[in-house]
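Work through the exercises below with the sequence and the model open. Each task is followed by a stepwise solution.

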Amino acid sequence: MAGKLIVSLDFELLWGVLDSDSHDEYQPNVLGGRKAIPQLLELFKKYDIHATWATVGFMFAENSAEAKKYFPEENRLPTYDNKKLSPYNAFGEKAGSDDEADCYYAPEIIKLISETNGQEIGTHTFSHFYCREEGQTAEQFEADMRSAIEIAKAKGYDIKSVILPRNQTTDESTAVLSKLGFTAYRDEENDWIHEKVKLRPLMRVLRLMDVYLPLTGNGGYNPEKQNGIVNLVGSRMYKPYFKPLFFLEKLKIHRIKRQMYHAAKNGLTFHLWWHPHNIGVKTDFHFQQLEEIFGYYTQLKEKFGMCSLNMQEAADSRKETD
């Protein structure tokens with residue numbers, strides 16, 4: 001069996017950093033990432049890279065008024081203990097301002113992506129919903145996901161793949177996804193560094209070092225179903241340039257390429273992911289690295305028959321082996 005390269009992107013604009021103190025400072029990254037998407041699509045076309053774009057549901061709307069039409073009922077909105085986590089609590093003020101529409105809405109970009117060969121429009125929940133934060137419920141998550149389905153359908157998209165914000169999956173959330181007809185989701189890396197526990201400072205350091213050094217192995221796997229939905233585990237996040245460790249950038253790319261090689265040689269799946277805003281600054285530098293990665297994929301395709309699949313294609317491929 002040929003190895004598979006899956007690429008997925010968490011497409012969230014400013015919805016993903018609303019609870020951050022650096023929310024306002026992050027606009028250059030978000031707008032730079034948005035601007036880079038056409039160039040990224042051209043890179044994908046050049047190397048025949050298929051990818052899933054997990055898109056926050058709010059972003060399908062033209063403006064805040066249209067997004068509000070798809071809000072869940074008031075009694076189904078998330079009740080996080082930390083109120084800052086819910087964009088509904090500040091919608092139209094801090095969140096979703098029409099004066100900064102490019103930071104929050106992207107229907108024309110979504111359309112461009114969908115019209116590019118091999119690109120799948122998936123969902124990142126309707127409101128950037130957090131499934132492992134205190135206070136929320138499975139019922140609220142289901143309402144949020146129904147809104148994500150509805151707004152996507154209204155725009156002509158049948159979404160089947162899900163990436164949950166911060167990869168916060170639970171048995172309850174995957175059961176909801178299966179119930180609603182989704183076929184694939186991306187869980188976080190399945191290794192000792194990424195256990196579903198509150199991160200201690202040492203674990204944060206180890207996660208960072210794993211970007212450059214093989215602390216957790218090769219990350220290749222055979223996808224399995226969980227609660228009736230295919231789990232396409234993330235193997236490696238493509239981390240953006242990190243100035244304090246700039247001298248390790250070559251090791252970062254070498255790490256990714258060695259993991260890809262292992263998957264290609266052994267007929268396994270390797271799942272690479274990032275956010276568009278990760279390449280929103282130092283964009284040319286990041287494109288050079290991505291071109292190196294995808295050029296290497298071409299070599300693996302020629303030598304081992306490795307193929308590039310988006311998440312829905314990977315889930316369909318998994319069904320064929322059942």
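**Exercise 1.** Classify D210 in this predicted model: is D210 buried or exposed? Then find the polar partners of its side chain.

*Solution.*
- Step 1. Place the residue. D210 belongs to helix α6, which covers residues 201-210.
- Step 2. Read the accessibility. The relative accessible area of D210 is 1%. Buried means under 20%, so D210 is buried.
- Step 3. Look for a backbone partner. A polar atom of the D210 side chain lies 3.1 Å from the backbone nitrogen of L215.
- Step 4. Look for a side-chain partner. The side chains of D210 and R236 make a polar contact at 3.0 Å.

**Exercise 2.** Locate S127, and state which side chain it meets in a polar contact.

*Solution.*
- Step 1. S127 sits in the loop between β3 (119-123) and α4 (138-154).
- Step 2. Its relative accessible area is 2%. The cut-off for buried is under 20%, so S127 is buried.
- Step 3. The S127 side chain makes a polar contact with the side chain of D144, at 2.6 Å.
- Step 4. List the contacts, leaving aside neighbours within four places in sequence. They are V56, F58, P87, Y88 and D144.

**Exercise 3.** Assign Q226 an exposure class and describe its surroundings.

*Solution.*
- Step 1. Q226 is in strand β6, residues 224-226.
- Step 2. Its relative accessible area is 36%. Partly exposed lies between 20% and 50%, so Q226 is partly exposed.
- Step 3. Beyond neighbours within four places in sequence, Q226 is in contact with T174, Y185 and N231.
- Step 4. With Y185 there is a polar contact, side chain to side chain, at 2.7 Å.
- Step 5. Now a long-range check. Q226 and N310 are 84 residues apart in sequence, and their C-alpha atoms are 19 Å apart.

**Exercise 4.** Describe how α7 packs on α8. What is the handedness of the crossing?

*Solution.*
- Step 1. α7 spans residues 249-266 and α8 spans residues 283-304.
- Step 2. Their axes are 10 Å apart, at an angle of about 25°.
- Step 3. Angles under 35 degrees count as roughly parallel, so α7 and α8 are roughly parallel to each other.
- Step 4. The crossing is right-handed.
- Step 5. α7 contributes residues including I253, I256, M260 and Y261, and α8 contributes residues including F285, I293, Y296 and L300.
- Step 6. Sorted by class, this contact has 11 nonpolar, one polar and six charged residues.

**Exercise 5.** α8 also packs on α1. Which residues meet there?

*Solution.*
- Step 1. Helix α1 covers residues 27-47, and its axis comes within 10 Å of that of α8.
- Step 2. The two cross at roughly 15°. α1 and α8 are therefore roughly parallel to each other.
- Step 3. The crossing of α1 and α8 is right-handed.
- Step 4. From α1 come A36, Q39, L40, L43, F44, K46 and Y47; from α8 come T283, F287, L290, E291, F294, G295, Y297 and T298.
- Step 5. The classes are nine nonpolar, four polar and two charged.

**Exercise 6.** Give the packing geometry and residue classes for α1 and α3.

*Solution.*
- Step 1. α3 covers residues 107-114. Its axis is 11 Å from that of α1, at an angle of about 10°.
- Step 2. The pair is therefore roughly parallel.
- Step 3. R34, I37, P38 and L41 of α1 make the contact with E108, I109, L112 and I113 of α3.
- Step 4. Six of these residues are nonpolar, none polar and two charged.

Notes:
Residues are numbered from 1 along each chain as its sequence is written. This is a predicted model: local features need pLDDT of at least 70, side-chain atom pairs count only at pLDDT 80 or more; totals for chains, interfaces and linings use all residues. Side-chain values use heavy atoms; hydrogens and water are left out. Helices (H or I, at least four residues) and strands (E, at least two) are DSSP runs, numbered from the N terminus. Buried means under 20% relative accessible area, exposed over 50%, partly exposed in between (1.4 Å probe, protein chains only). Contact means heavy atoms within 4.5 Å. A polar contact is a pair of N or O atoms within 3.5 Å; within protein, one must be able to donate a hydrogen and the other to accept it, and residues adjacent in sequence count only if both atoms are side-chain atoms. Axes are lines fitted to C-alpha atoms, for helices over the stretch in contact, and angles run from 0 to 180 degrees between N-to-C directions. Angles under 35 degrees count as roughly parallel, over 145 as roughly antiparallel, 65 to 115 as roughly perpendicular and the rest as oblique. A crossing is left-handed if the near helix is turned anticlockwise from the far one by less than a right angle, and right-handed if clockwise. Ala, Val, Leu, Ile, Met, Phe, Trp, Tyr, Cys and Pro count as nonpolar, Asp, Glu, Lys and Arg as charged, and the others, Gly among them, as polar.
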